[in-house]
Amino acid sequence: MDHLLVHSSEASSSGCIVEVTPESANWQYVGFCVHRLNEKGAFTKSASDQETCIVILSGKIDFLTTSGVSEAVYYQGIGERNSVFDPISPYAIYVPAGVSYQIDAITQTEIALCSAPGSEAHKVRLIRPEQISVEKRGEGSNTRFVRNILPETEIADSLLIAEVITPSGNWSSYPPHKHDADNLPLESALEETYYHRLNPPQGFAFQRVYTDDRSLDETMSVSDGDVVMVPEGYHPVGVPHGYELYYLNVMAGPKRAWVFANDPEHDWIAKS
């Protein structure tokens with residue numbers, strides 16, 4: 001059985017459908033979970049030593065801090081997408097460590113909670129779609145579109161977050177690259193999760209995670225709602241003809257920098 005693949009399941013009492021913790025992943029930094037809330041459903045989160053970025057994947061919510069701030073922060077009616085495949089960036093909320101909050105679903109809602117070690121030094125803030133840069137990467141069947149939700153240029157302690165749309169029949173995270181060596185400025189060490197969605201949802205994609213010495217080499221068939229964990233190694237993704245792939249990336253490590261190294265055997269692709 002693939003030990004890097006986590007399948008989604010029926011929602012728990014809190015609405016959680018899939019979760020990765022540092023303990024379950026056997027790593028140190030990245031935590032990730034997705035909650036699906038029905039209309040008028042609610043979700044509360046107690047303060048911790050983790051910073052969190054709440055990504056509103058679809059639906060509309062109200063957000064209220066309940067402790068850990070000098071004055072309560074309230075965001076009303078945020079969220080515009082009906083699907084992660086809508087051609088618009090998401091709303092997101094950055095929450096530093098030490099803050100408790102509540103989310104109330106106005107409509108049926110799916111939210112991702114992306115977490116990593118953090119401090120109480122920063123403020124709660126709303127990230128609007130128009131603040132999120134969008135870029136096209138690759139050419140031909142390597143083309144994909146990246147929405148930079150929480151890049152290095154934005155304030156946070158550990159988290160780096162982006163979502164990617166990979167068109168039908170294309171490859172992504174390609175040429176294969178890795179970021180598992182704490183060797184700046186040449187490469188940074190970052191754990192990473194991929195939350196996959198497919199359109200139409202009965203589709204599938206493939207993701208391979210492998211190291212140079214092949215001590216880790218897993219190729220996974222990914223279904224709608226699956227999470228792939230990348231503790232180390234290269235991690236390309238391909239989606240078959242007829243299906244569009246979305247994934248939400250969450251990265252964190254000892255230094256907040258995304259510096260990667262391509263697989264030397266395939267680096268010629270990036271240079272051609």
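# Close-up views of a predicted model

**View 1. Ser172 and Thr166 are joined through their side chains by a polar contact of 3.1 Å.** The model shown here and in the views below is predicted. Ser172 belongs to strand E15, which covers residues 171–172. With a relative accessible area of 0%, Ser172 is buried, because the cut-off for buried is under 20%. Leaving out residues up to four places away in sequence, Ser172 touches Asn142, Arg144, Val164, Thr166, Pro236, Val237 and Tyr247. Thr166 is thus named both as a partner in the polar contact and among the residues touched by Ser172.

**View 2. Arg144 sits in strand E13, residues 144–150.** The relative accessibility of Arg144 is 11%, so this residue counts as buried. Two backbone oxygens lie within reach of the Arg144 side chain: that of Asn142 at 2.9 Å, and that of Tyr174 at 3.2 Å from a polar atom of the side chain. Asn142 is also touched by Ser172.

**View 3. Arg144 and Ser172 are 6.4 Å apart in space, C-alpha to C-alpha, and 28 residues apart in sequence.** Neighbours within four places in sequence aside, the contacts of Arg144 include Glu135, Lys136, Arg137 and Gly138. Val164, Ile165, Thr166 and Pro167 are also among the residues in contact with Arg144, as are Trp171, Ser172, Ser173 and Tyr174. Val164 and Thr166 are touched by Ser172 as well.

**View 4. The peptide bond from Leu184 to Pro185 is cis.** Its omega is near 10°. Pro185 lies in the loop that runs between strand E17 (180–183) and strand E18 (187–189). Most peptide bonds are trans.

**View 5. Asn199 and Pro200 are joined by a cis peptide bond.** Omega is about -5° for this bond. Pro200 is in the loop between strand E19 (191–199) and strand E20 (205–210).

**View 6. Asn26 has a positive phi of about 60° and is not a glycine.** Most residues other than glycine have a negative phi. Asn26 is placed in the loop between helix H1 (22–25) and strand E3 (31–37). With a relative accessible area of 72%, Asn26 is exposed, because the cut-off for exposed is over 50%.

**View 7. Lys40, a residue other than glycine, has a positive phi near 70°.** The loop that holds Lys40 lies between E3 and strand E4 (42–45). Lys40 has 74% relative accessibility and therefore counts as exposed.

**View 8. The whole protein is given as context for the close-ups, with two helices and 25 strands.** The C-alpha atoms fill a box of roughly 55 × 40 × 35 Å along the principal axes. The radius of gyration is 18 Å, which agrees with the value near 19 Å for a compact globule of 272 residues. Of the 272 residues, 53% are buried. Where contacts link residues at least 6 apart in sequence, 74% of them join residues at least 24 apart. The exposed area is about 12,300 Å², with 49% supplied by carbon and sulfur atoms. There are 19 positive and 37 negative side chains, and the centres of these two sets are 5 Å apart.

Terms used. Residues are numbered from 1 along each chain as its sequence is written. This is a predicted model: local features need pLDDT of at least 70, side-chain atom pairs count only at pLDDT 80 or more; totals for chains, interfaces and linings use all residues. Side-chain values use heavy atoms; hydrogens and water are left out. Helices (H or I, at least four residues) and strands (E, at least two) are DSSP runs, numbered from the N terminus. The radius of gyration is taken over C-alpha atoms; the globule rule is 2.2 Å times the number of residues to the power 0.38. Buried means under 20% relative accessible area, exposed over 50%, partly exposed in between (1.4 Å probe, protein chains only). Contact means heavy atoms within 4.5 Å. Accessible areas come from the Shrake-Rupley method with a 1.4 Å probe; for residues, only the protein chains shown count as cover. Lys and Arg count as positive and Asp and Glu as negative; His and the chain ends are not counted. The place of a charge is taken as NZ of Lys, CZ of Arg, CG of Asp or CD of Glu. A polar contact is a pair of N or O atoms within 3.5 Å; within protein, one must be able to donate a hydrogen and the other to accept it, and residues adjacent in sequence count only if both atoms are side-chain atoms.
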